[in-house]
Amino acid sequence: MTQLFHRSTNTLARVTLFGAVFLVAGIGWGVSALLTSPYASGVGVPVEQPVPFSHKHHVADVGLDCRYCHTSVERSSFAGIPPTKTCMNCHAQLFTDAPMLEPVRASYRTGKPIPWARVHTLADFVYFDHSIHVKQGIGCSTCHGRVDQMALIWRVNTLFMEWCLECHRHPERFVRPRSEVFNMAWEPPADQAVVGAKLVTEYKIQTQTSCSICHR
Amino acid sequence: MSNGSDTAHESLHPNRLGQWRSLDELAGTPEFEALLQREFPERAAEWLDPVGRRAFLQLMGASLALAGLTSCSSPPSHTIVPYAKAPEDLVPGKPLFYATAFAQGGIGTGLLVESHMGRPTKIEGNPQHPASLGATDAFAQASILSLYDPDRSQTVTNGGQITTWKAFVAALTSRLAGSSGAGLCILTETVTSPTLAWQIRQLMAKYPQATWVQYDAISRDAVRQGSRLAFGEVINTVYRVERAEVVVTLGAEFLAAGPGHVRYARDFFARRRVEAAPLNRLYAVDSTPTLTGAMADHRVTVRQQDMEAIAWAFAGALGVPEAAAISASMPQAAWVAAAARDLKAHQGASLVVPGDEQPPIVHALAHAINRALGNVGQTVIYTDPIEADPADQMASLTALVANMRAGQVQTLLILGSNPVYTAPADLRFAEALDKVPFRVHLSLEADETSARCQWHLPEAHYLEAWGDVRAYDGTTTIQQPLIAPLYDGHSAHELLAVLQGDGPQDGYDIMRAYWQTRLSGEFERAWRTALHDGVVGGTALPPKTPGWKPSFAPAAQPAQVFEIIFRPDPTIWDGRFANNGWLQELPKPLTKLTWDNAALFSPATAERLGLQNEDVIELALGGHSVQAPVWILPGHPPDSVTVHLGYGRTRAGRAGSGIGFNAYLLRKSTALWSAGGVEIKKTGRALQLASTQHHQTMQGRNPVRVGTVEELKKDPHVIAEMGEAPAKDETLYPPVTNEGYRWGMAIDLGACLGCGACVAACQAENNSPVVGKEQVLLGREMHWIRVDRYYAGGPDAPETLHQPLLCQQCENAPCEPVCPVGATVHSQEGLNDMVYNRCVGTRYCSNNCPYKVRHFNFLQYSSDQPTLRLLNNPNVTVRSRGVMEKCTYCVQRINAARIRSKEDGQPIKDGEVVTACQGACPSQAIAFGNLNDPVSKVSKWQASARNYGLLAELNTRPRTTYLARLRNPNPELEKA
């Protein structure tokens, strides 16, 4: 009986079997790269806004505190996006003719809100509360990055559950003194492991990893 | 069904405590045995769609690929829309609560309504309001769904054409210009609103010849007539139930319906706990099974026509002078005598309560008995009437119809009610209405009456409008709107202001104009205080001592006839909630029917007539007939049939039209609540009814344990010994300790009335969907808490037991180890968490749950309808198709309290976390809290001798436990 396949088929088969490993690994790597890429997570991608509001200018240059605009961050789950009125507190006097600010003035005139583009979006089944994080010594910059250095805002963290759990499992690595929560420039000290552990005890921080803490 | 006769009883096999859930179970039919063998009710777990295996796999493959692709997108873009100018006091993300009141039959119950960013989402009771004290009933809970009902009327129409409010105002004012009101009539429901009454009085001054007629289909005419028989005037009766040691009801449902029932339930059950010795004792005479009667220590059922004789017998036994000549000779004579002796032994601390639907003479006799017992001023307080005009409604409606027919009514304004549907059939209201040249109907829905009026005006829901209403004791609440009218609706106040012409036209201005001179102290401050508190201080009516002017005497008893009894539907009332899916799907407390009404018969009568459940019969009375399905209700009096009003609507909306039968067609203006001479004919057809009764049956395991006070005193372990002992706590796993908080719940079955307020509250709080009759028939209802109803004893006079069942939050939860994806796991505080985003819908957990409290989204039940989305609680995930769900102990409330406590640096106090079911419960039957705190209410309850765990022998270690029901029988009757 004659051979059905040419001898070279053996080589082809070996290459294919060997290659399959790389192919599967390659696909796996590709998917994971895609999922963690800025394209999928939005990390590092500045978000265009109806008014090109610069946090850099307002925080670093003017020196506004976070809470001047995000008023409910210490009281509510939602940090709060300022009403147009807050903008007009200053801009009724400053840059009153700037064409860039026309949408703000229009909103104030007509009472129609400005539709800001959301930067930090959580899935609908996740319930995050700003007030308790701020109270327990988690600074703004820990999650939102150096907002004072961003002209347009982008995400610095993926907001994946894995990322949340990093801190929920080891709060001592991220906690800072309550007095430093709104300090954009705060950096963990060299002995964060010691200081953090002390703060965790002092603030009675629990490692909350039950599902129903965030999902309900 | 063949269980009415004595011979059939011998073959019955109730469980060890003699409890059974349905007649099929009691009779042990083969069908029922087969049902028991199934884990789930028939077809509940089967794939019935006509999709073959190949098509299924193709779809699966395609959806998998597509689902994979969707994960490759960048995050969806959303906008955040802040205010242009933020309102005061509003913190985004925090709810605000506003006080208002819900009115039924014109009587108010105080509420606190939760509002998220301007959307009312949940109703709670107002702790400062005397009729609520923090609790509510199912109607109040579900009334918020009516606000967002997508079928609500949205535009003013004239002859079916869309027009404007302005056009209506122009038409009305030109019609009435210079008129003295001749031919003008205003038809309202019962008015207790001081402002509305004030407006009507002003109108009567402006149009002296105008008439005002009040009509409620569920009228309290008999109460008022009874009061006239006794006092010669209309008197309002307020009960002080907490002072009563012996209570006798004469066909009264006073704990579950009617004025002040939420308060009465709380006061009554406050005296049903071991801790509150001595217990009160309840005797009930029922003319159709009531929830109040189901709680009674002793109950007899009689036909409504016999109620008068029973009342006379009580009066005779208790020395009422008018009843001196009475000698009781009915079969219940011994029972009445024993109850009367008990009443007599508790003079001044007893109470006789007649039912609103009982004839006037029963009310008069109840007044006489309470007077003879010295209860007046103690357990019975008399005040002036709370109605603005306590007229005889049926008489004035009859007169109005005669005037309409005679062409004497030129302009008819119908405010709120739906008389074309609800008026007794013999009045032929619709026909007479057509003779009125100018007909206006203000209502929430474009209903049957709107269809026969030229003008239809959308009414503002009570959560959208200013108003005021009085409670059962006269306490007035100013109702404030939670949201601007969704559809440009107007209130009755605003419509009457148009008639008045000059003066304030806006609801807010009208309300302030009335109260301007009537609040004590500085007005602005008093006004804000009244709004904030939800009660206007000092408006409760003072007690009054009416003169005793009896004008009644024993009359010859009519011949015994087969009787039809009319009652408001337990969940959709007079039909106004027909389009409310929550109330349609809320199982009716005794029958456990949803989405339908039925003709209710006693087992013996059904057997005699050869009727079975779901047979369709024809009921004929006075030239009208309806076709109704049969439902056999144990404990129903013999030789009578009960029908519930409110169904068979033709223009209720998508949910409420065309279901059930219209019992109003059999109702006569002279016999509102019962009538003789009904003819019953079989049609040979059957109609499947969606009862939740057979679902998730527990076989012979004594789910509800019942003990008497004496038994418990003699042996504290008597309750524990009624079931198998819990399994020994031996485990290979490391012991679980919940440091900090260990949440638990205890439910006092002695205080559970079975009313369903908890079910409605849970549905509102947790965004539970409505699934519809077809899905209920498949056993797919989505209530996280259900109230199981068991019977004990014979089918003719059984004891009725209720048991709310929700996730037991087992410490050894059987659902957890079988989940392949870890979608249900324990939390650090001992909750059995359900993680929707992990759930892949295997349903193994539900299969392994011995309590059957898990519910699966077989289809996309949650609605995407824009207005209904406004109703959702933003703190609870809206579940989509394919995930399992169950009670979470309202974990969103626990989390909110935990965050609050950490921010305040104080531990969560006992009573700070109130679950939705607990908050709504009128009788305070639910305790919830931290089991690690030995002095918390729930810890104390769980330490009680009455405490037991359901199916604890399975070693599930349930966190939710039950307190056995307590009975306090009269030894004299117990022996017999």
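## Exercises on chain B

Asp89(B) sits in the loop between strand 2 (79-80) and strand 3 (96-104) of chain B. The model is predicted.

**Exercise 1.** State what is unusual about the phi of Asp89(B), and decide whether Asp89(B) is buried or exposed.

*Solution.* Start with the general pattern. Most residues other than glycine have a negative phi. Now take the residue. Asp89(B) is not a glycine, yet its phi is positive, about 70 degrees. Next, count neighbours. There are 7 other C-beta atoms within 10 Å of Asp89(B). A residue with 12 or fewer is exposed. Asp89(B) is therefore exposed.

**Exercise 2.** Place Lys592(B) in chain B, then decide whether Lys592(B) is buried or exposed.

*Solution.* Begin with the location. Helix 21 (581-585) comes on one side and strand 22 (593-594) on the other; Lys592(B) lies in the loop between them. Check the backbone. Lys592(B), not a glycine either, has a positive phi of about 60 degrees. Count neighbours again. Lys592(B) has 21 C-beta neighbours inside 10 Å. The cut-off for buried is 20 or more. So Lys592(B) counts as buried.

**Exercise 3.** Describe the fold of chain B as a whole, and explain why chain B can be called as compact as a globular protein of its length.

*Solution.* First, the elements. Chain B has 31 helices and 41 strands. Second, the radius of gyration. It is 28 Å for chain B, and the globule rule gives 30 Å for 976 residues. The two values are close, so chain B is as compact as a globular protein of that length. Third, the extent. The C-alpha atoms fill a box of roughly 90 × 75 × 60 Å along the principal axes. Fourth, burial. Of the 976 residues, 55% count as buried. Last, the contacts. Among those between residues at least 6 apart in sequence, 73% join residues at least 24 apart.

Key: Residues are numbered from 1 along each chain as its sequence is written. Chains are lettered from A and ligands numbered from 1 in the order in which they are written. This is a predicted model: local features need pLDDT of at least 70, side-chain atom pairs count only at pLDDT 80 or more; totals for chains, interfaces and linings use all residues. Helices (H or I, at least four residues) and strands (E, at least two) are DSSP runs, numbered from the N terminus. The radius of gyration is taken over C-alpha atoms; the globule rule is 2.2 Å times the number of residues to the power 0.38. Two residues are in contact if their C-beta atoms, placed from the backbone, lie within 7 Å.
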